[in-house]
Amino acid sequence: MTDRDVEVGVFLVLMTGVVLLGFGAARWRRPADPYHLEEWSVGGRAFGNWTIWFLLGGSMYSAYTFIAVPALTYGVGAIGWFAVPFAIVTTPLTFIFTTRAWSVARRHGFLTHSEFAAARFGSPGLGALVAVTGILATIPYVAVQLISLQAVLRTVGFGGEWPLLAAVTLVSICTFRSGLRAPALLSIVKDVLLAWMLITAALMVAMYGGWGSAFRGAATRFAATPNPADGLLLPETGHLGFLTLVVGSALAIFAYPHALVGMLAAKDRDTVRRNAAALPVYCMALGLMAMLGVFALARGVTPADGDLNTVVPRLIHEYFPSWSAGVAYAALSIAALIPAAVMSIAAANTFTRSLYRTYLRPNATPEAEAWTSRWVSLIVKFGAAALILAVDPAFSVDLQLIGGVLILQTIPAVFLGLLTPWFHRAALTAGLISGLVTGLVMLWDIPKLDGSGRVLAEHFGGSSWSLGDGRSVYVGVVALGVNLIVTVLLTLLVRAAGVRDGNDGTRPDDYHADAGDPYLKRLDELIDGLPTGSSGAPSTRQRVP
């Protein structure tokens, strides 16, 4: 048996086990009412500390971390490190905002940011606009996961488009059947396999001279390229672009619908706070993966067919023992499939709650909501697959950053709305539209360049806007600035004109509610954590009118 046979064999065995586990997840602590949307999409809001820890790691630290970021540090060097500080900055933001979001969502039964925005500002139209923006921003993020999965499959030896479509089909069926329970259970497997891969990678680097040798080798290779913007250190003109990428990405990441799904699955407020505080642990894995891009460059690893997303899989193939390479391939594949599943669930919830139930079928039963979300989740995944077949980004991270330009425009209505109801609903709507138009116009006008600066395409070539003097700025931050200016000015104007505002459907104490609150809806059975009826939690289902 050849080394390639061992790699492929271990990979297929592990992936077969993952698929079977995903199907079986539907029976994991099966609830009495499995066809309720809350059961399918957020696990009945009953996950405990360990389950939420693995679920958040599985959905937030995705193939973006393990494939896209190393490809960026391999291709351009220092600028790729923006992902590390932005991941660190998200921790205090998550701790502050997500706990408030969890409380108000539990008290009112919200599943999405868009539902909250509609209730907070008394505007179903604003909620619908936030919903559409969230869905459109999520699809490119799902595409990042599928591009990464395709890179792994190509390295394993499954070229062409059919392996990707087959994988998408399998994960779609698992998600359709098991909902959030499938990615929650598989996240545990993913973290175990990834821990093994990271340990193997660290030992591999030590065997080949350590990080000092890797950085020296990478510096030599960057010095030989014609691109003045690459290198291990940022050029003088690169600081603004780096800073705006960090700030924009930090604000955007937990505005995505799928970030809220993982937190809403928590059984109580303390579970949210503990896991938000512990998230920086995953930053160590992110930093190590970014350095692997540098190591791959120093060792002269060549991406398959010029696709930089294959850098890490190719590194694994060339330097890992064959059986360990198979384990690593499976880990990377699961790291792509889990967030793709969670993102599709979140986008489906957003459609169902803010568009389908609001405008198409106001009297939809919980069962009808659940079935609608199941089918929409399929559309989202296959829509993302169609997107990656239609576009060819230089770096897959560009798709996530383009999605970030869109999702950043929901910040005033969603994140700032968690702190204050001061903004007027009409101003928020106008600001969101202004930000979207600004962002899309700027993205349209960015050309796609190769390493030497030659224009490959006239439009949608990235997410950083050139200022003409060698400096650039992340489009999302500029568009958000326009959004905030329009929102604040119009709020002042319409309030001065006496225009009636919408009714705030929330109360101040909603943002501090916890599991013992008699107004919260509580399940009869918990997946983990508290037993039935403990902590004074009512065992019957009820919702505040």
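**Exercise 1. Helix 5 and the residue after it**

Determine where helix 5 (residues 83–108) bends, and by what angle.

*Solution.* In this predicted model, helix 5 (residues 83–108) has a bend of about 40°, located at Thr94. Moving on to the residue just after helix 5, one finds Gly109, whose phi is positive at about 75°.

**Exercise 2. The surroundings of Glu115**

Decide whether Glu115 is buried or exposed, and identify the side chain with which the Glu115 side chain makes a polar contact.

*Solution.* Begin with the location: Glu115 belongs to helix 6, which covers residues 113–120. The next step is accessibility, where the cut-off for a buried residue is under 20% relative accessible area; Glu115 has 9% and is therefore buried. Then look at its partners: the side chains of Glu115 and Arg353 are joined by a polar contact of 2.9 Å. Once residues up to four places away in sequence are set aside, Glu115 touches Gly109, Phe110, Arg353, Ser354 and Arg357, and Gly109 in this list is the residue with positive phi just after helix 5.

**Exercise 3. The length of helix 8**

Compare the expected span of helix 8 (residues 162–178) with the distance between its end C-alpha atoms.

*Solution.* Helix 8 has 17 residues, and the expected span is 1.5 Å times one less than the number of residues. This rule gives 24 Å for helix 8, and because its end C-alpha atoms are also 24 Å apart, the two values agree. As for burial, the buried residues of helix 8 include Leu164, Val168, Val171 and Phe176, and among them are also Ser172, Thr175 and Ser178. Just after helix 8 comes Gly179, with a positive phi of about 65°.

**Exercise 4. Salt bridges and accessibility**

State how many salt bridges a search of the whole structure finds, and then classify the residues of three of these pairs as buried or partly exposed.

*Solution.* The search of the whole structure gives 17 salt bridges.

- For the pair of Arg45 and Glu38, the closest N and O atoms are 3.2 Å apart; Arg45, at 4% relative accessibility, is buried, and Glu38, at 2%, is buried as well.
- For the pair of Asp307 and Arg154, the closest N and O atoms are 3.1 Å apart. Asp307 lies in the loop between helix 14 (280–298) and helix 15 (311–319), whereas Arg154 lies in helix 7 (residues 124–156), so this salt bridge ties together parts that are 153 residues apart in sequence. Asp307 is buried at a relative accessible area of 19%, while Arg154, at 29%, is partly exposed.
- For the pair of Arg495 and Asp501, the closest N and O atoms are 3.0 Å apart; Arg495 is partly exposed at 34%, and Asp501 is buried at 18%.

Elsewhere, Arg107, Arg507, Asp509 and Asp510 are joined into one network by salt bridges that share partners.

**Exercise 5. The largest nonpolar core**

Identify the residues with the most contacts inside the largest nonpolar core, and the helix that supplies the largest share of this core.

*Solution.* The largest nonpolar core has 166 residues, and those with the most contacts inside it are Tyr64, Phe82, Met197 and Ile316. Helix 16 (residues 322–360) contributes the largest share of this core, namely 21 residues. To follow one of the four in detail, take Phe82: apart from its neighbours within four places in sequence, Phe82 is in contact with Tyr64, Leu72, Phe242, Leu245, Val246, Ser249, Val397 and Leu401.

Technical notes: Residues are numbered from 1 along each chain as its sequence is written. This is a predicted model: local features need pLDDT of at least 70, side-chain atom pairs count only at pLDDT 80 or more; totals for chains, interfaces and linings use all residues. Side-chain values use heavy atoms; hydrogens and water are left out. Helices (H or I, at least four residues) and strands (E, at least two) are DSSP runs, numbered from the N terminus. Buried means under 20% relative accessible area, exposed over 50%, partly exposed in between (1.4 Å probe, protein chains only). A polar contact is a pair of N or O atoms within 3.5 Å; within protein, one must be able to donate a hydrogen and the other to accept it, and residues adjacent in sequence count only if both atoms are side-chain atoms. Contact means heavy atoms within 4.5 Å. The bend at a residue is the angle between axes fitted to the seven residues ending there and the seven starting there. A salt bridge is a side-chain nitrogen of Lys or Arg within 4 Å of a carboxyl oxygen of Asp or Glu. A nonpolar core is a set of buried Ala, Val, Leu, Ile, Met, Phe, Trp, Tyr and Cys residues joined through side-chain atoms within 4.5 Å.
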